[in-house]
Amino acid sequence: MVNLKILAGKFIYTTFILAKVLHLSKITSKISFMNKKLVTIGLIQSKVSANVQANLAKTEKMIKIAAKKGAQIICLQELFQTPYFPQKQKMHKDDFAESVNGPTVSLMKKLAKDLAVVLIVPFYEERKGKYFNTAIIIGADGKPMGRYDKIHIPQDPGFYEKDYFEQGQEGYKIFKTKFGTFAVLICFDQWFPEAAREARLAGAEIIFYPTAIGNIIGYKPEGNWHDAWETSMRGHAIANSVHVAAINRVGIENKVKFFGQSFVSDPFGKILKRASENNEEVLVQKIDLEKNKFFADGWGFLRYRRPDSYKNITSEKFITKSKKLKNVAHYQDEKRALGQK
């Protein structure tokens, strides 16, 4: 025979436990909400013409749109105001280079101050007779916070960057702003996991990758370049428990069709937003920097590192260019597509 007093007691006890669980759930939810560290970032994806002034004017408008949409840190694409000139050799450097006191940075300082935003401005800098693929970071007060010089410089058909850029020698830099702490790595840097790890260990909450990459018209690649480009950076986000934002241009310049598709990834490789393949866009995305800690604590990719086992990382193995490279089939195919011998 069922004991009604026992059943009633169990019902009351179960109801009490459920009420406690719901109450704790609400408290946890409130704590979680209070612990969020939100920042809104903006990425400017555009087509580039040979007219530097027109490119600057267009970018100025796009920056204002991003700020109006709430962007607090805004990043431009690599060499944003000039064509991607390194796809050809023997171009005149001074046709494209500026000093930090030139019109590009002067305009960007004014914009940053007027809009109260942080700007990441990648441009071709002439500095004391040397030339760098650099990004200058301008604070929300309009004052420069520092620069990052591109460290990894390629020299391949359509990407003859060693003809134009010095290798950066000042290491991987971190920029602390009131909106968040970030690193900037430029284009070819994005293929190197060591660079992303260095930036994360130095304290980056976001890694921005301004790039200029696309497909060579008339060349059939060995694989999907866009897929490799995006997958590589999403991998860095996962391995380092860090947000990643990549900015790429669109349009056709000479023999290269740039594939756009700028994106923002969370710390586990999820694409939060991606721009189109062909259109100019102002991509604005709010991110929660507390997720870096959530994934870092949960997966432990940083915690379980074994630095003592990585000695070969700093060796010079494999860094000598093969003399046979010029005879590799796909290397020759790229040069033919570019109309080069």
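Two residues are taken to be in contact when heavy atoms of one lie within 4.5 Å of the other. With that in hand, the helix pairs of this predicted model can be read residue by residue.

A look at the whole chain comes before the details. The chain holds seven helices and 17 strands. Of its 341 residues, 46% count as buried. Contacts that reach across the sequence are well represented: among those between residues at least 6 apart, 69% join residues at least 24 apart.

Helices H2 and H3 offer a good place to begin. H2 covers residues 52–68 and H3 covers residues 103–115, and their axes come within 11 Å while crossing at roughly 20 degrees. Because angles under 35 degrees count as roughly parallel, H2 is described as roughly parallel to H3. The crossing of this pair is right-handed. On the H2 side, the residues that meet H3 are Leu56, Thr59, Glu60, Ile63, Lys64 and Ala67, and their partners in H3 are Thr104, Leu107, Met108, Leu111 and Leu115. By class, the contact of H2 with H3 comprises seven nonpolar, two polar and two charged residues.

A second pair is formed by H4, residues 193–201, and H5, residues 225–240, which pack with their axes 10 Å apart at an angle of about 40 degrees. That angle makes H4 oblique to H5. Here, too, the handedness can be assigned, and the crossing of H4 and H5 is right-handed. H4 contributes Pro193, Ala196, Arg197 and Arg200 to the contact, while H5 contributes His236, Ala239 and Asn240. Sorted by class, the contact of H4 with H5 contains three nonpolar, two polar and two charged residues.

Attention now turns to the interior. The largest nonpolar core has 63 residues, and those with the most contacts inside it are Ile73, Ile120, Tyr124, Phe182, Ile207 and Phe208. Tyr124 can be followed further: with residues up to four places away in sequence set aside, Tyr124 touches Leu79, Phe85, Lys93, Phe96, Ala97, Glu98, Tyr131, Phe132, Tyr164 and Phe165. Another core, of 21 residues, lies apart from the largest one, and its members include Ile63, Phe80, Met108 and Val282. Two of these names are already familiar from the helix pairs, as Ile63 of H2 and Met108 of H3 take part in the contact between those helices.

The loops deserve a visit as well. Leu79, one of the residues touched by Tyr124, sits in the loop between S2 and H3. The phi angle of Leu79 is near 45 degrees, a positive value in a residue other than glycine. With a relative accessible area of 0%, Leu79 is buried. Pro83 is found in the loop between strand S2 (73–76) and H3. Its relative accessibility is 18%, and since buried means under 20%, Pro83 counts as buried. Beyond its neighbours within four places in sequence, Pro83 is in contact with Val48, Ser49, Ala50, Phe96, Arg249 and Glu253. For one of these partners, Ser49, the separation from Pro83 is 34 residues in sequence and 6.2 Å in space, C-alpha to C-alpha.

A further loop, between strand S9 (181–184) and H4, holds Cys187. Its phi is near 40 degrees, again a positive value in a residue other than glycine. Cys187 is buried, with a relative accessible area of 8%.

Definitions and conventions:
Residues numbered from 1 in each chain as written. Predicted model: local features only at pLDDT ≥ 70, side-chain atom pairs only at ≥ 80, totals over all residues. Heavy atoms only, no water. Axes fitted to C-alpha atoms, helices over the stretch in contact; angles between N-to-C directions. Helix = DSSP H or I, 4+ residues; strand = E, 2+ residues; numbered from the N terminus. Parallel < 35°, antiparallel > 145°, perpendicular 65-115°, else oblique. Left-handed = near helix turned anticlockwise from the far one by under 90°. Nonpolar A, V, L, I, M, F, W, Y, C, P; charged D, E, K, R; others polar. Core = buried A, V, L, I, M, F, W, Y, C linked by side-chain atoms within 4.5 Å. Buried < 20%, exposed > 50% of the residue type's maximum accessible area, 1.4 Å probe, protein only.
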